[in-house]
Amino acid sequence: MTQKSRKGGEHKGGVCSFCGTPAEQAPLMFNGADGSMICSSCIEHGYELLVEHELVAANKSKASKCKSKFKPLSKDDVMRPADIKSFLDQYVIGQDAAKRYMSVAVYNHYKRLLNKGKAEDVELDKSNIVLVGPTGTGKTLLARTIARLLNVPFTIVDATALTEAGYVGEDVESILSRLLQAADYDVEAAERGIIFIDEVDKIARKGDNPSITRDVSGEGVQQALLKILEGSVVNVPPQGGRKHPDQKYIQVNTANILFICGGAFDGIEKKIAQRLNTNAIGYGSSIKQRIDEKSIMSYILPQDLRSFGLIPELIGRLPVLTFMEPLSREALRSILTEPKNSIIRQYECLMRLDNIELKFDDDVLDYIVDKALEYKLGARGLRSICEAIMMDVMFDLPQGEGEFRITLDYAREKVEKGAFIKA
């Protein structure tokens, strides 16, 4: 049997009727009753397309048949800024300035959604948010609490994993895949969701001067984020990952998705101080008051983000700029016990499930706060220290009902000699 391949030339063993691969070059070749042939590579490719097609169809069927847990937005669902802040106060200690900015921005965003982007023939632009503050000050908690209040799809994306298209890592469009998954593939719900991009400071431009090497995880990612932040229809792979030809996509319009970007921006205080012509601690020639590390963040402006390494186009798409204050000793002490989901309440709840009443002495709580300030880990440090104290308690769980009291001597022994210091 002699056949010609699509590239020309005759092959005695025949060629694949789909891709033209000669039989002698194919791993396996299957013959049809009419003389047609197909190679194993084409069968594998066809199977992949079929699985992908079935996945998209199943997701669409699921979205149409199943009642979405995210109900359509109505005027009754939108709370006023003061009410939003009151809700945030139950979960986030301090950070009044950030909570006020967030409350107003979210309120205006959802007023815009209810009016479909227009009010009195005036087109209302989206107000994406950037939160600047040290680690452990509550940036992620603030965004997560807002999403819980509004009952909208919410996802957290780590900017450090993103790279420019075509390079090892995740494409920027993958953040929309995660939002779709959070929305149970309800596209309409996803298109009014919230995406929190964490560690956005890590995609800052690596240097002020252009380099001969591409900045694929820095400026390249910033450029790729522009169209998504602004609002456009994006083809999203249903399973995430890289795009490839013949792939089925889900179209997502990002015009009404609220983006909240958070980052520590470590060292930006120096940029602010240079702009103010003063030092981080001391007296400046242009400001007649003392500026220390705690108050200097209140002077942050968009040009400071540009000096840090964010491109002007990206800054322009993040019009709401607010800051998170470093947590004081009083704030850390309150975080331990006051919020509805405070750390101490969580441990008490865990122990109550085993019929054990857990008690912390007051001086233990003060000791935990002092250690958190010493290690400069913010609110996350509180949990790390509590875990070190509670590890043996939870492992050697007392049997039966009773009370277990954590004393200062016990806490000091576990922290200073235990796993926390060794780690």
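**Packing around Leu-305 and the nonpolar cores**

In the predicted model, Leu-305 is in contact with Val-130, Val-132, Phe-265, Ile-268, Ile-300, Leu-310, Ile-315 and Leu-321, when residues up to four places away in sequence are left aside. Leu-305 also belongs to the largest nonpolar core, which comprises 49 residues. Val-132, Ile-175, Leu-225 and Ile-300 are, together with Leu-305, the members with the most contacts inside this core. Helix α7, spanning residues 219-230, supplies the largest share of the core, with five residues. Another core, of 30 residues, lies apart from it and includes Ile-335, Ile-389, Met-390 and Ile-406.

Two of the residues touched by Leu-305, Val-132 and Leu-321, lie in paired strands. Strand β7 (residues 129-132) runs parallel to β13, and the pairing extends over four bridges. Within β13, Phe-323 is the bridge partner of Val-132. The side chains of β13 (residues 320-323) alternate: Val-320 and Thr-322 point one way, whereas Leu-321 and Phe-323 point the other way. Residues on both sides of this strand are buried, Thr-322 among them.

At the level of the whole chain, the secondary structure consists of 16 helices and 15 strands. The chain has 423 residues, of which 43% are buried. Among contacts with a sequence separation of 6 or more, 66% are between residues 24 or more positions apart. The accessible surface amounts to about 22,900 Å², and carbon and sulfur atoms account for 50% of this area.

Key
Residues numbered from 1 in each chain as written. Predicted model: local features only at pLDDT ≥ 70, side-chain atom pairs only at ≥ 80, totals over all residues. Heavy atoms only, no water. Helix = DSSP H or I, 4+ residues; strand = E, 2+ residues; numbered from the N terminus. Buried < 20%, exposed > 50% of the residue type's maximum accessible area, 1.4 Å probe, protein only. Contact = heavy atoms within 4.5 Å. Areas by Shrake-Rupley, 256 points an atom, 1.4 Å probe, with all protein chains shown as cover. Core = buried A, V, L, I, M, F, W, Y, C linked by side-chain atoms within 4.5 Å. Pairing = 2+ DSSP bridges.
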